[in-house]
Amino acid sequence: MAQHAAEGTKPEVLFWVGCAGSFDARAQKVTKAFVKILNAADIDFAILGNEESCTGDPARRAGNEFVFQMTAIQNIETLNGYDIKNIVTACPHCFNTLKNEYPALGGNYNVIHHTQYLNQLFTDGKLSVQGGAFKGRKVTYHDSCYLGRANGIYEVPRELLKQLDIELVEMKRCKTNGLCCGAGGAQMFKEDEPGDKRINTERVEEALGTGADVVAANCPFCITMLSDGIKAEEKQDEVAIYDISELIIQSM
Amino acid sequence: MIQQIIFILISGAAFFFAFRQFAKIRQTINLGKDHTPTGDASERWKNVALVAFGQKKMFKRWIPAVLHGFIYVAFLFTQIELIEILIDGIFGVHRFFATKIGFLYPVIINTIEILSFLALVGTVIFLIRRNLIKLPRLHKSEMKGWPTKDANIILILEILLVSAIFTMNGTDVVLQSIDPAHFPDTGPLAISSWLGPALFGGLSESTLLFLERAGWWVHILTVFAFLNYLPVSKHLHILLAFPNVYFAKSKSRGEMDNMPEIMNEVKSMMGLIPESEVDMEAELPEFGANDVMELDWVNVLNAFTCTECGRCTDVCPANTTGKKLSPRKVMMDIRDRATEIQANIDLGKIDCKKDADKPLTKENYSDGKSLFDYITKEEIHACTTCNACVEACPVMINPLEPILAMRRYEILSESAGPSDWVPMFTSIENSGSVWQLPDSREDWIQE
């Protein structure tokens, strides 16, 4: 972004990478897949790089409003400084916070999730797939809570999956009834409270029950949780979990 | 005449005591913090029409929705009959509307008959689901004792109500042929026209007259009993569902309420707003909620609206996997704690005063207990903020808000909370990332 600013140009869109997308080895693959698609579609985008900070979602949900405000206000200063209007992100937690919570702090942007963005690229004809690698394969889609219930986006990711000619098999708990992966509300950063089972195990059992060999997701934290669950069931050789952007890049 | 006087006295007393109790509930709900409803009023009315009146969200589970629908619609229509009963009781007349509204009367009475029968079917199936099939969501640990008894009392009262209606109508049908002068023709009735003669045919006129009166009195007395039972029961939802849906916050579900005090403090620390705009002398308030008085009154209204159906707990990922958290229990606990505080204030308990020289009000209340004595930290730590409970509630109760308000109290006011979270907080504060990593945010580009 600094480069754009120095050249006095403005990108079409700012790609908000997020902590997971920047640092987590698995989520970095999603970041790269999404960037490759953006490049293939010839989109002029920018990232903030080291000027980006955590949006503050886990801090706020844990109850730590001070830490949330500090990182959020800093981000808003940065974004407003570059006069950013459009933001796309591959993380539904970043998406939700930027879209729904930053306005109250003085940060107003047009924020969309990467599944919405990709769907738009298909609609605009900037992106196409060639009867790809997943044609005819059974895929189940896991709704993340922050894209789904928190923001009511259920159909866009499914429309996107249809582009890949896959056979979409739904889990019993899907869309508004979707079951959480267990990571939200800052659970990602702590041990589970005592119980009978891990939430990701419960979810993975349901996903495996569909007979799908690919689980499609839209959130880096869901991917971590569900991958762990699949490994715990020792099914990692039979069932793969991918972000939708990864399914697309493999079909291009 | 004596019957009229007794009726007027009893109904007067029933309405008086019920009104007093409802006023008390209103006062208890107002223990919560001021909160001005935000958002569009037309959106709220739409919710009242669709969600409260139209029961839209019930239909996520259609079996209970249909059964509940029978009871609900029967309840709505029976109000017409109740108006007639009140008129009859006060003026000593019999079936006042029968000669006044012509063909509409048999239509209304028949509708009520059919609905009452369906409501009876619904009630019996609900009793079976609760006590014989033992539906898991109705038998979680928070349902032990009073909540289960409460539910059964309500269902049994409903059976009593319907039985009284059919006794009243059935004997009436038989009496219409014996004494048409006093018992105006109601036309054929869907159920009582065959049930009446089958049950009461051949009885003496005096027995019939007694049974007709008994049916009438039992019906109206059960209604009065219900009216006065509502305020101590989960059944209060039949009234509060409507305001509750109206006042439900209309913001995005993913949005947590901003805390402007903290925002301004941080902005002034960062030099973004002049310090003069922030009152540095002001005593920092306690953040979040450790008691009912720090919750929004809407949260407390939510708690009193809850009818303990357990749809929230049934879909809670934490509860489903054996954690202690149950969103329903959170709501029940808030209600019970609010009731306890209001009762102590009403009793004027001196030892509940924060400042002994001031009167005992909600602002001056401290009994050494808090919401955390009802809801443990283990429970609130288990929440994934997934909004499943919020989505599941048929009357738009939000259990997530009080959970997050309690987390805020624990972290901000007590500086406590799960120790696992500390590295995440420090890391965001120091390096702007949720993980303490030495790498650059741009390293992924190199590969």
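The following conversation looks at chain B of a predicted model.

Student: How are residues and chains labelled, and what kind of model is this?

Tutor: Residues are numbered from 1 along each chain as its sequence is written, and chains are lettered from A and ligands numbered from 1 in the order in which they are written. The model is predicted, with local features needing pLDDT of at least 70, side-chain atom pairs counting only at pLDDT 80 or more, and totals for chains, interfaces and linings using all residues, while side-chain values use heavy atoms and leave out hydrogens and water.

Student: What secondary structure does chain B have?

Tutor: Chain B has 18 helices and zero strands. These are DSSP runs numbered from the N terminus: helices are H or I with at least four residues, strands E with at least two.

Student: How much of chain B is buried?

Tutor: Of its 447 residues, 51% are buried. Buried means under 20% relative accessible area, exposed over 50%, and partly exposed in between, with a 1.4 Å probe and protein chains only.

Student: Where does Ile6(B) lie, and is Ile6(B) buried or exposed?

Tutor: Ile6(B) lies in helix H1 of chain B. Ile6(B) is partly exposed, because its relative accessible area is 40%.

Student: Switching topic, what are the dimensions of the chain B trace?

Tutor: The C-alpha trace of chain B spans about 95 × 65 × 40 Å along its principal axes.

Student: And what about contacts in chain B?

Tutor: Among contacts (heavy atoms within 4.5 Å) with a separation of 6 or more, 75% join residues 24 or more positions apart.
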